[in-house]
Amino acid sequence: MKSAEREGLLDDPRYKNGLPADHPVRRRENVFSFSSVAASLELMQMLSIVVPSGVADVGAQVYHFTDGTIGKEKNRICGNSCFFNTVIARGDRAGVTALGRHAVAEQAREVQVQRELAPGRRA
Ligand SMILES: [Zn+2]
């Protein structure tokens with residue numbers, strides 16, 4: 001099911017309507033709290049990287065729901081042969097498909113590329 005979410009299939013009503021009646025997606029489980037805390041933690045970590053605070057890298061963080069703690073991995077740095085060094089600051093142009101295709105995101109990127117290529121476009 002993670003794959004279906006990552007690929008954007010859950011954004012397509014045709015996908016959901018085609019699932020069997022006993023499929024887990026149809027259980028109407030509310031995972032909003034977990035999704036919002038994951039998004040919040042990602043945003044806070046990104047902000048900690050870009051907002052000047054004297055700490056350039058707080059390290060990897062893992063939130064533990066059961067006891068409410070956040071684990072940290074300190075002082076871990078990439079070695080010379082680490083793949084991530086080759087994709088720093090390349091964004092969508094890194095050529096990496098980390099979690100699978102996401103049809104809606106790909107469509108949005110294509111629209112953006114077409115806008116950038118449009119004649120008479122102002123910078
Ligand atoms: Zn690394």
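A residue is taken as buried if 20 or more other C-beta atoms lie within 10 Å of its own, as exposed if 12 or fewer do, and as partly exposed in between. By this criterion the count of buried residues among the 15 residues of helix α4 is zero, and the helix is hardly covered. The model under discussion is predicted.

Confidence in the prediction averages a pLDDT of 85 over the chain, and 96% of the residues score at least 70. Among the elements of the chain, helix α1 (residues 2-6) has the lowest confidence, with a mean of 73, whereas α3 has the highest, at 90.

The chain contains four helices and two strands, arranged along the sequence in the pattern α-α-α-β-β-α. Its radius of gyration is 19 Å, whereas the globule rule gives 14 Å for 123 residues; the chain is therefore more spread out than a compact globule. The C-alpha trace spans about 55 × 50 × 30 Å along its principal axes. Burial was assessed over the 123 residues of the chain, of which 1% count as buried. Among contacts in the chain with a separation of 6 or more, 33% are accounted for by residues 24 or more positions apart.

The two strands were examined next. Strand β1 (residues 60-64) pairs with β2 in the antiparallel sense, over five bridges. Tyrosine 63 has isoleucine 70 of β2 as its bridge partner. The strands form a hairpin with four residues between them, and glycine 68, in the turn, has a positive phi of about 70°. Strand β2 is hardly covered, with a count of zero buried residues among its five.

Serine 48 lies in helix α3. With 15 other C-beta atoms within 10 Å, serine 48 is partly exposed, because this count falls between the limits of 12 for exposed and 20 for buried residues. Apart from neighbours within four places in sequence, the contacts of serine 48 are with Ser53 and Val58. The C-alpha atoms of serine 48 and valine 58 are 7.2 Å apart, and the two residues are separated by ten positions in sequence.

Positive phi values were also found outside glycine. Most residues other than glycine have a negative phi. Arginine 28 departs from this sign, with a phi near 60°. Arginine 28 is located in the loop between α2 (13-17) and α3 (32-50); it counts as exposed because it has 5 C-beta neighbours inside 10 Å. Alanine 89 likewise is not a glycine and has a positive phi, of about 65°. The loop that holds alanine 89 runs between β2 (69-73) and α4 (103-117). Alanine 89 has 6 other C-beta atoms within 10 Å and is therefore exposed.

The geometry of α4 was compared with the expected span of a helix. At 1.5 Å a residue, the 15 residues of α4 should span 21 Å, and the end C-alpha atoms are 21 Å apart, so the two values agree.

Notes:
Residues numbered from 1 in each chain as written. Predicted model: local features only at pLDDT ≥ 70, side-chain atom pairs only at ≥ 80, totals over all residues. Expected span 1.5 Å × (residues − 1). pLDDT = per-residue confidence, 0-100. Rg over C-alpha atoms; globule rule 2.2 N^0.38 Å. Contact = placed C-beta atoms within 7 Å. Pairing = 2+ DSSP bridges.
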